[in-house]
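Dear colleague,

I am passing on the structure below, together with some notes on what turned up in it. Please have the sequence and the coordinates open while you read.

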Amino acid sequence: MTLRRILPAVLACCAVLTACTSHSADGTSGGAPPTSAAATGTPSATASGPAGGDTADPSEPTGTGTGTAAASPAAPAPKRCRTSDLKASLGPDHPGAGQENFALVLTNRSPRTCSLYGFPGVAFVDGAGDAVTPDPERATGQPQQRVTLAPGADAWSALSYTDPAITGVTTVTPQALLVTPPDETTSLSVPWTGGKVSNTGKASVPRVSPLRPGSGA
């Protein structure tokens, strides 16, 4: 092949290469470069969801605080009932199996709620207020509970003893009961209508239970 024929072909190839190089440099032709999400402001995929997925509702809080709601303070327990808050009464006898059974009732007569816990103090007395029998025993095997009394509500203690006629002990007929609320030192007087009571402390000894809700009726 002669030089005259080769030279035009070589020049034509150089022209083609020059055109390709100039287009690639200014980006006006050829493949478009990859577009980054940061450059265009388009959200990219995250670890918690695909790109273009749901976004947080602007009305919902976005914080992830670790604090917990503060617990409401517990309501204070009612103060104990004082003797002046109460009145005492004696329910009717409910005899059975040789036992005499009375309900000794304490009623909240005050305008405030108060509470009782434990045993009432009980004494059988004569007209002068002097004890005529040994103190009644306590039924210590029975559970104690706190009794909350709204105004007008009752608590009661079971007062029980074996009929003295069965045990043959000597007896006395009290005039009244002196009832002392738990943790108090002032007593309430209640007329005694239950008849004869043992005065020996050997048999037919009266026994009182812890206070419980209600009137024992």
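The notes below go through confidence, salt bridges, aromatic rings and two buried residues.

Please bear in mind from the outset that this is a predicted model. The mean pLDDT of the protein chain is 78, with 66% of its residues reaching 70 or more. Over residues 10–68 the pLDDT is below 50, and this stretch has nine contacts in the model once near neighbours in sequence are set aside.

Salt bridges

The structure holds four salt bridges. One of them joins Arg82 to Glu184, whose closest N and O atoms are 2.7 Å apart. This pair links distant parts of the chain, since Arg82 sits in the loop between α2 (37–40) and β1 (86–90) while Glu184 sits in the loop between β9 (176–180) and β10 (188–191), 102 residues apart. The two partners differ in their exposure: Arg82 counts as partly exposed at 40% relative accessibility, whereas Glu184 is buried, with a relative accessible area of 14%. The same Glu184 belongs, along with Arg80 and Arg82, to a network of salt bridges.

A second pair is formed by Arg112 and Asp85, with the closest N and O atoms 2.6 Å apart. Here too distant parts of the chain are linked, with Arg112 in the loop between β2 (99–108) and β3 (114–117) and Asp85 in the loop between α2 and β1, 27 residues apart. Arg112 counts as partly exposed because its relative accessibility is 29%, and Asp85 counts as buried because its relative accessible area is 8%, the cut-off for buried being under 20%.

The pair of Glu137 and Arg207 has its closest N and O atoms 3.2 Å apart. Glu137 lies in strand β5 (residues 137–138) and Arg207 in strand β12 (residues 207–208), so this salt bridge ties together parts that are 70 residues apart in sequence. Glu137 is partly exposed at 35% relative accessibility, and Arg207 is likewise partly exposed, at 41%.

Aromatic rings

The count of aromatic pairs comes to three. In the pair of Phe102 and Tyr161 the ring centres are 6.3 Å apart and the planes stand at 20 degrees, so the pair is stacked. Because Phe102 lies in strand β2 and Tyr161 in strand β7 (residues 154–162), the pair ties together parts that are 59 residues apart in sequence. Phe102 counts as buried at 6% relative accessibility, as does Tyr161 at 2%.

The rings of Phe124 and Trp192 meet in another way: their centres are 5.1 Å apart and their planes are at 85 degrees, so this pair is edge-to-face. Phe124 is in strand β4 and Trp192 in the loop between β10 and β11, so that distant parts of the chain, 68 residues apart, are linked by the pair. Both Phe124 and Trp192 are buried. Taken together, ring pairs link Phe102, Phe124, Tyr161 and Trp192 into a cluster. As for charges over rings, Arg212 lies over the face of Trp156, at 4.9 Å from the ring centre.

Two buried residues

Which residues does Val197 touch, leaving aside its neighbours within four places in sequence? Its contacts are Phe124, Thr133, Tyr161, Pro164, Thr170, Thr171, Val172, Pro174, Trp192 and Pro206, and this list includes Phe124, Tyr161 and Trp192, which are members of the ring cluster. Val197 is found in strand β11 (residues 197–198) and counts as buried, at 0% relative accessibility. Val197 and Thr162 are 35 residues apart in sequence, and the distance between their C-alpha atoms is 9.4 Å.

Thr133, one of the contacts of Val197, lies in the loop between β4 (121–125) and β5. Its relative accessibility is 9%, so Thr133 counts as buried. Leaving aside its neighbours within four places in sequence, Thr133 is in contact with Phe124, Val172, Val197, Ser198 and Asn199. Phe124 and Val172 thus appear among the contacts of Thr133 and also among those of Val197.

With best regards

Methods:
Residues numbered from 1 in each chain as written. Predicted model: local features only at pLDDT ≥ 70, side-chain atom pairs only at ≥ 80, totals over all residues. Heavy atoms only, no water. Salt bridge = Lys/Arg side-chain N within 4 Å of Asp/Glu carboxyl O. Helix = DSSP H or I, 4+ residues; strand = E, 2+ residues; numbered from the N terminus. Buried < 20%, exposed > 50% of the residue type's maximum accessible area, 1.4 Å probe, protein only. Contact = heavy atoms within 4.5 Å. Phe/Tyr/Trp six-rings, centres within 6.5 Å; stacked < 30°, edge-to-face > 60°. Lys NZ or Arg CZ within 6 Å of the ring centre and 35° of its normal. pLDDT = per-residue confidence, 0-100.
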